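Trainee: I would like a close look at a single part of this structure, the packing of one helix pair. Please describe that part in detail and then place it in the chain.

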Amino acid sequence: GGKRRARVAAADRRIDAARSRVAVSRLDFMTEAGSAFVALLSAQDTVGVRRDAMAELDRLRGMVAGRRASGMASDYDVARVDVEIESARADLVEAESAAIDARTDLANALGFPGWHPSASGSLDQVPGTGGSPAQSAEALPAVAAALDEQNAVKADVVTARRERFPEVSVNGGRFWTTGPFGATYSAGLTL
């Protein structure tokens with residue numbers, strides 16, 4: 001008895017489990033996209049800092065070259081600034097490459113390969129993770145999904161237990177015919 005009710009309950013538990021898996025997938029997507037956005041924002045800030053450093057070194061190079069021309073600095077001082085400029089240029093190229101990678105990662109995370117997004121804002125505006133943690137483990141989507149999966153499995157076990165008993169069906173009836181004797185009776189038992 002109760003096989004249909006057990007099947008309906010098991011189906012409801014499987015629906016709940018599927019909804020929880022969707023919620024976990026949605027959270028994973030949002031986490032991946034959010035991380036990619038923050039990485040792009042950070043990479044863009046790094047490029048800005050490297051460009052500012054290059055501009056400052058170029059200004060310093062002009063000052064050292066002027067001092068050298070007036071005899072107050074040596075060729076060594078100019079060469080040392082040139083080495084710093086080339087090192088800063090290499091850092092800038094590396095930062096630009098990281099920004100391109102971050103753009104690609106964000107575009108792929110959002111499902112738009114070939115798109116070249118640009119993040120606006122600053123890292124100071126990104127909310128931190130310093131808020132209060134979840135009140136309980138059940139508040140986490142992955143834990144809720146696991147609990148729903150567990151409930152679905154339990155419902156399947158109940159259904160299987162109920163289905164192992166034979167379903168007994170007794171029927172009887174009377175049938176009329178147009179031929180001789182005009183009526184017939186039947187009785188049946190089905191397992």
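Mentor: In this predicted model, helices α1 and α2 pack at an angle of about 165 degrees, and their axes lie 8 Å apart. Because angles over 145 degrees count as roughly antiparallel, α1 is roughly antiparallel to α2. The crossing in which α1 passes α2 is left-handed. As to composition, the residues of the contact of α1 with α2 comprise 25 nonpolar, two polar and 15 charged.

The nonpolar side of this packing can be followed into the core. The largest nonpolar core holds 19 residues, and Leu40, Val47, Met54 and Ile85 are those with the most contacts inside it. Two elements give two or more residues to this core, namely α1, which spans 3-69, and α2, which spans 75-110. The largest share, 10 residues, is supplied by α2. Ile85 merits separate attention. With its neighbours within four places in sequence left aside, Ile85 is in contact with Met54, Leu57, Asp58 and Arg61. One of these partners, Met54, is itself listed with Ile85 among the core residues that have the most contacts.

Helix α1 also holds two residues whose surroundings can be described individually. Ser20 has its place in α1. Its relative accessibility is 10%, and since buried means under 20%, Ser20 counts as buried. Apart from its neighbours within four places in sequence, Ser20 is in contact with Ala144, Ala145 and Asp148. Asp28 has its place in α1 as well. At 49% relative accessibility, Asp28 counts as partly exposed, because the exposed class begins over 50%. The C-alpha atom of Asp28 is separated by 9.7 Å from that of Ala142, although the two residues are 114 apart along the chain.

These details may now be set against the chain. The chain contains three helices and two strands, and its pattern along the sequence reads α-α-α-β-β. The chain has 191 residues, of which 18% count as buried; Ser20 belongs to the buried class. Among contacts between residues at least 6 apart in sequence, 65% join residues at least 24 apart.

Definitions and conventions
Residues are numbered from 1 along each chain as its sequence is written. This is a predicted model: local features need pLDDT of at least 70, side-chain atom pairs count only at pLDDT 80 or more; totals for chains, interfaces and linings use all residues. Side-chain values use heavy atoms; hydrogens and water are left out. A nonpolar core is a set of buried Ala, Val, Leu, Ile, Met, Phe, Trp, Tyr and Cys residues joined through side-chain atoms within 4.5 Å. Buried means under 20% relative accessible area, exposed over 50%, partly exposed in between (1.4 Å probe, protein chains only). Helices (H or I, at least four residues) and strands (E, at least two) are DSSP runs, numbered from the N terminus. Contact means heavy atoms within 4.5 Å. Axes are lines fitted to C-alpha atoms, for helices over the stretch in contact, and angles run from 0 to 180 degrees between N-to-C directions. Angles under 35 degrees count as roughly parallel, over 145 as roughly antiparallel, 65 to 115 as roughly perpendicular and the rest as oblique. A crossing is left-handed if the near helix is turned anticlockwise from the far one by less than a right angle, and right-handed if clockwise. Ala, Val, Leu, Ile, Met, Phe, Trp, Tyr, Cys and Pro count as nonpolar, Asp, Glu, Lys and Arg as charged, and the others, Gly among them, as polar.
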